[in-house]
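Q: Please take a close look at how helices are packed in this structure, and then place that packing in the setting of the whole chain. Which helices meet, and how are they arranged?

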Amino acid sequence: MTTANSLLIRDLHTLVTMNDDREVIHGGFLYAEDGVIKLIGQRPPRNLRARRVIRGNALIAVPGLINTHHHLFQTLTRACTAAANAELFDWLRTLYPLWSRIDEEATHVAALVGMAELMLSGCTTTSDHHYLFPRGQSRLIDAQIAAARKIGIRFHATRGSMSVGESKGGLPPDSVVQDDDTILADSERVIRKYHDPQPGAMIRVALAPCSPFSVSPELMRRTAELAERHDVRLHTHLAETRDEERYCLEHFGKRPLDFLDSVGWLTDRSWLAHGIYFSASEVRRLGRAHVGIAHCPTSNMRLGSGFCPALALQRAGSPVGLGVDGSASNDSSHMLAEARNALLLNRLRHGAAAITVEQALRMATVEGAHCLGRSDIGTLEPGKRADIALFDLRNPSYSGAEDALSALLLCAPATVHTLVVEGRVVVEDGVLSTLSLDPILRRHRRIATRVTNNPRPLC
Ligand SMILES: [Zn+2]
């Protein structure tokens, strides 16, 4: 007898568990049933049968990678010439008018493309920070969640928001901000409709006012209260640039972290994108409160924003996950590349011994899970969800490598061979099996051409 929904991956070249003992098994197996890992070890029991068997002789298995910060709609405005060499505030001022053209279809298709990219890079769970709601567009989170369900990725939607437009001293144009009551009512609607608190949840919802320079302290405070009432998580951008620090000092008379504290966000319910401009004492405060950090090395380098003290934050007690950030400031959604950049950037700053490949991959897996408030994903262990990324060691970029785990980040970032989400194979032989990508890419290019008004589309 075999269970209908069972999966056996056997004879794995390397199986990286990311468990507390940091166990790595060579020649081992993994068995999952109904989306949950049941057995891991050296040799499967002789009578073990599974509906689906994968031979892993040339594969390395790692926990499915977890992306803790993104803006999927920005896949429509990649490599935008006018913003190519700008720092954050000018970059935003250039792109807001283009983004004001997005609608439900654009958001849905952009999410599908970004999610597809993530999955092909080994990502099984992503969050997204969607904060831009042009007038009349009230169902954009719904469009993203529909995309996640279609493509088969585990998804943490965040109901983002902007409430302070240019006329009130904020950075975004008034056409893309909403009032506090509209934001809070829709936040509650999205939580009630979609948030699943159960272990193994495929959809969760968090609340995410965008940044100190686009929301009011009152909205931050009321959002924290709403999150507490529904027991959902809180997310925002913080301490990304010196410009933001100046804005906080001018408008609130406080540094970014003091502003965050003053509105009730310095708790383990929060995780923050970027976290660059923190003093040593602020790092200790964040660590004591176990505030999570989405470290976004590629975006920080791309925009020249600065360097996040990720290792100091970890030592202080903060979980530090990785985020690819939006596709207009990266401009890719490749989680393995993000982990590689985290490794390289932290080595550049602190020396080659400061961070190992395994530590960087822990950020991309188990620490990312902690940022999202999850203990059911991020490691390969019995009882955890069967979210697994398998990379093919026959890939030309790995040829000649001695150690499989090191090759994942020291060699060129590869495309995943097989991806399993909740026990279901969603990428096979490097190809998405849940949907046909070509027609979606054609639609995506068409919409991107409209949004950017591009006179010379790539194809
Ligand atoms: Zn961001």
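**Helix packing and its setting**

A: In this predicted model, the helices α2 and α14 are oblique to each other. The reasoning starts from the angle: α2, which covers residues 104–120, and α14, which covers residues 437–452, pack at about 125°. Angles of 65 to 115 degrees count as roughly perpendicular and those over 145 as roughly antiparallel. An angle of about 125° falls in neither range, and the pair is therefore described as oblique. The axes of α2 and α14 are 9 Å apart, and their crossing is left-handed.

The residues that form this contact can be named on both sides. From α2 come Glu105, Ala106, Val109, Ala110, Leu112, Val113 and Ala116. They meet Leu437, Ile440, Leu441, Arg443, His444, Ile447 and Val451 of α14. By class, the contact of α2 with α14 consists of 11 nonpolar residues, 1 polar residue and 2 charged residues.

Helix α2 also packs with α3, the helix of residues 140–151. Here the axes come within 8 Å and cross at roughly 40°. The crossing of α2 and α3 is right-handed, whereas that of α2 and α14 is left-handed. On the α2 side, the contact is made by Glu104, Thr107, His108, Ala111, Leu112, Met115 and Ala116. On the α3 side, it is made by Leu140, Ala143, Gln144, Ala146, Ala147, Ala148, Lys150 and Ile151. These residues divide into 10 nonpolar, 3 polar and 2 charged. Leu112 and Ala116 of α2 take part in the contact with α14 and also in the contact with α3.

A further pair of helices may be set beside these two. Helix α4 (residues 180–194) and helix α5 (residues 217–230) pack at about 20°, and their axes are 11 Å apart. Angles under 35 degrees count as roughly parallel, and α4 and α5 are therefore roughly parallel to each other. Their crossing is right-handed. The contact joins Asp180, Ile183, Leu184, Ser187, Glu188 and Ile191 of α4 to Glu218, Leu219, Arg222, Leu226 and His230 of α5. Its residues comprise 5 nonpolar, 2 polar and 4 charged.

The wider setting is the protein chain, which has 14 helices and 19 strands. The radius of gyration of the chain is 21 Å, close to the 23 Å that the globule rule gives for 459 residues, so the chain is as compact as a globular protein of that length. Along its principal axes, the C-alpha trace spans about 70 × 50 × 45 Å.

The chain is divided into domain 1, made of 6–63 and 384–432, and domain 2, made of 65–371. The centres of the two domains are separated by 29 Å. Their contact takes 25 residues from domain 1 and 26 residues from domain 2. On the domain 1 side, the elements that give two or more residues are β7 (59–63), β16 (388–392), α13 (404–410), β17 (418–421) and β18 (424–428). Of these, α13 gives the most, with 5 residues. The domain 1 side of the contact has 17 nonpolar, 3 polar and 5 charged residues.

Two details of the backbone complete the picture. Most residues other than glycine have a negative phi, and most peptide bonds are trans. Asp34, in the loop between β4 (28–33) and β5 (36–41), has a positive phi, near 50°. The peptide bond from Asn330 to Asp331 is cis, with omega near -5°. Asp331 lies in the loop between β15 (320–322) and α11 (335–350).

How values were computed
Residues are numbered from 1 along each chain as its sequence is written. This is a predicted model: local features need pLDDT of at least 70, side-chain atom pairs count only at pLDDT 80 or more; totals for chains, interfaces and linings use all residues. Axes are lines fitted to C-alpha atoms, for helices over the stretch in contact, and angles run from 0 to 180 degrees between N-to-C directions. Helices (H or I, at least four residues) and strands (E, at least two) are DSSP runs, numbered from the N terminus. A crossing is left-handed if the near helix is turned anticlockwise from the far one by less than a right angle, and right-handed if clockwise. Two residues are in contact if their C-beta atoms, placed from the backbone, lie within 7 Å. Ala, Val, Leu, Ile, Met, Phe, Trp, Tyr, Cys and Pro count as nonpolar, Asp, Glu, Lys and Arg as charged, and the others, Gly among them, as polar. Domain bounds come from an automatic or database domain assignment. The radius of gyration is taken over C-alpha atoms; the globule rule is 2.2 Å times the number of residues to the power 0.38.
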